[in-house]
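Visitor: I would like a close look at one part of this model, the surroundings of the ligand, with enough of the rest to place that part in the chain. Which residues surround the ligand, and which are the closest?

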Amino acid sequence: MNAKNPSVSRTVMTEIVLPNDTNNLHNLFGGQLLSWMDRCAAIAAHRHCRRTVVTASVNNVSFNEAIPQGAIVTLESKVSRAFSTSMEVWVDVFMEDQRGSGKQTKCNEAIYTFVAVDDLGRPIPIPPIEPETEEEQRRYDGALRRRQLALILAGKMKPAEAHELRALFLPQEDAK
Ligand SMILES: CC(C)(COP(=O)(O)OP(=O)(O)OC[C@H]1O[C@@H](n2cnc3c(N)ncnc32)[C@H](O)[C@@H]1OP(=O)(O)O)[C@@H](O)C(=O)NCCC(=O)NCCS
């Protein structure tokens, strides 16, 4: 399979926060944002492999800023790294300044793992990925450690096997 660039999977979705999407403080309800992010990430994962994809894990979600009712929210997702059948997808969330310049500020992000599956739900191979930009390369490099952490937490990998993750915490010679 030929390698693809992350830009092939780039997906942009824009939403407006309506009253039904909010919590008691009239800010966007976290579960609604999670749903939008999952959708946006799933489309990016599908665009990378052109197969049915399922969410395997959500590795990191940070709600850094509240998003008020009426806000226009843009979600941007891209595959950052492809493994054998699984891929990591980043979702960046931006809020648009409605009164002034319309400038977009980043307010949240999430990192998902999707797996490509056949018609019976069995994992199938996906194309490799070749990062192009500096940010794509940084996210690609970190994806291996995040995958190891996710698999350890899911009970699918022993900590002793996670060499790259251990190297973050231990002197190089002890991490081997
Ligand atoms: C995700 C799923 C396909 C994995 O199937 P599985 O039989 O456990 O398959 P494997 O153990 O062979 O793993 C397949 C790939 O998933 C990855 N994976 C499995 N669990 C993972 C987890 N918790 N976090 C990150 N990656 C995971 C594996 O690392 C492997 O990746 P690789 O092939 O690139 O190395 C299966 O668990 C599933 O269908 N889950 C339900 C998905 C779903 O319905 N999502 C929506 C939730 S509402």
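Guide: A starting point away from the ligand is R39, which is found in helix α1; helices here are DSSP runs of H or I with at least four residues, strands are runs of E with at least two, and both are numbered from the N terminus. The model is a predicted one, in which local features need pLDDT of at least 70 and side-chain atom pairs count only at pLDDT 80 or more, while totals for chains, interfaces and linings use all residues. Residues are numbered from 1 along each chain as its sequence is written, and side-chain values use heavy atoms, with hydrogens and water left out.

R39 counts as exposed, at 52% relative accessibility; exposed means over 50% relative accessible area, buried under 20%, and partly exposed in between, with a 1.4 Å probe and protein chains only. Twelve residues on along the chain is R51, and the C-alpha atoms of R39 and R51 are separated by 15 Å. R50 is placed in the loop between α1 and β2. Its phi is near 60°, a positive value in a residue other than glycine, and R50 is exposed, with a relative accessible area of 52%. On the other side of α1 (30-49), H26 lies in the loop that follows β1 (11-16). H26 also has a positive phi without being glycine, near 65°, and with a relative accessible area of 52% it is exposed.

The chain as a whole holds four helices and five strands, in the order β-α-β-β-β-β-α-α-α from the N terminus. Its C-alpha trace spans about 55 × 40 × 30 Å along the principal axes, and 38% of its 176 residues count as buried.

Now the ligand itself. It is surrounded by 16 residues, and T55, S84, T85, S86 and K156 are the closest; a residue belongs to this group if one of its heavy atoms lies within 4 Å of the ligand. Three elements, β2 (52-63), β5 (104-117) and α2 (134-153), each supply at least two residues of the shell. The most comes from β2, with four residues. By type, the shell divides into eight nonpolar, six polar and two charged residues. In this scheme Ala, Val, Leu, Ile, Met, Phe, Trp, Tyr, Cys and Pro are nonpolar, Asp, Glu, Lys and Arg are charged, and the others, Gly among them, are polar.

Several short distances to N and O atoms can be listed. A polar backbone atom of T55 is 2.9 Å from a nitrogen atom of the ligand. In the side chain of T85, an N or O atom is 2.6 Å from a ligand oxygen, and for the side chain of S86 the corresponding distance to an oxygen atom of the ligand is 2.7 Å. On its own the ligand has 950 Å² of accessible area, and the protein covers 55% of this; such areas come from the Shrake-Rupley method with a 1.4 Å probe, and for residues only the protein chains shown count as cover.

Strand β4 (residues 86-96) contains E88. E88 is buried, with a relative accessible area of 2%, and its side chain makes a polar contact with the side chain of R146 at 2.7 Å. A polar contact is a pair of N or O atoms within 3.5 Å; within protein, one atom must be able to donate a hydrogen and the other to accept it, and residues adjacent in sequence count only if both atoms are side-chain atoms.

Two arginines are placed over rings. R147 lies over the face of F83, 4.4 Å from the ring centre, and the charged end of R81 sits over the ring of Y140, 4.1 Å from its centre. The criterion is NZ of Lys or CZ of Arg within 6 Å of the ring centre and within 35 degrees of the ring normal.

The structure holds one aromatic pair. The ring centres of Y112 and F114 are 6.0 Å apart and the planes are at 25°, so the pair is stacked. For Phe, Tyr and Trp (its six-membered ring), pairing requires centres within 6.5 Å, and planes under 30 degrees apart count as stacked, over 60 as edge-to-face and the rest as tilted. Y112 is buried, at 2% relative accessible area, and F114 is buried at 1%.

Last, K158 is found in the loop between α2 and α3 (163-169). It counts as exposed, at 57% relative accessibility. K158 and Q148 are 10 residues apart in sequence, with their C-alpha atoms 9.0 Å apart in space.
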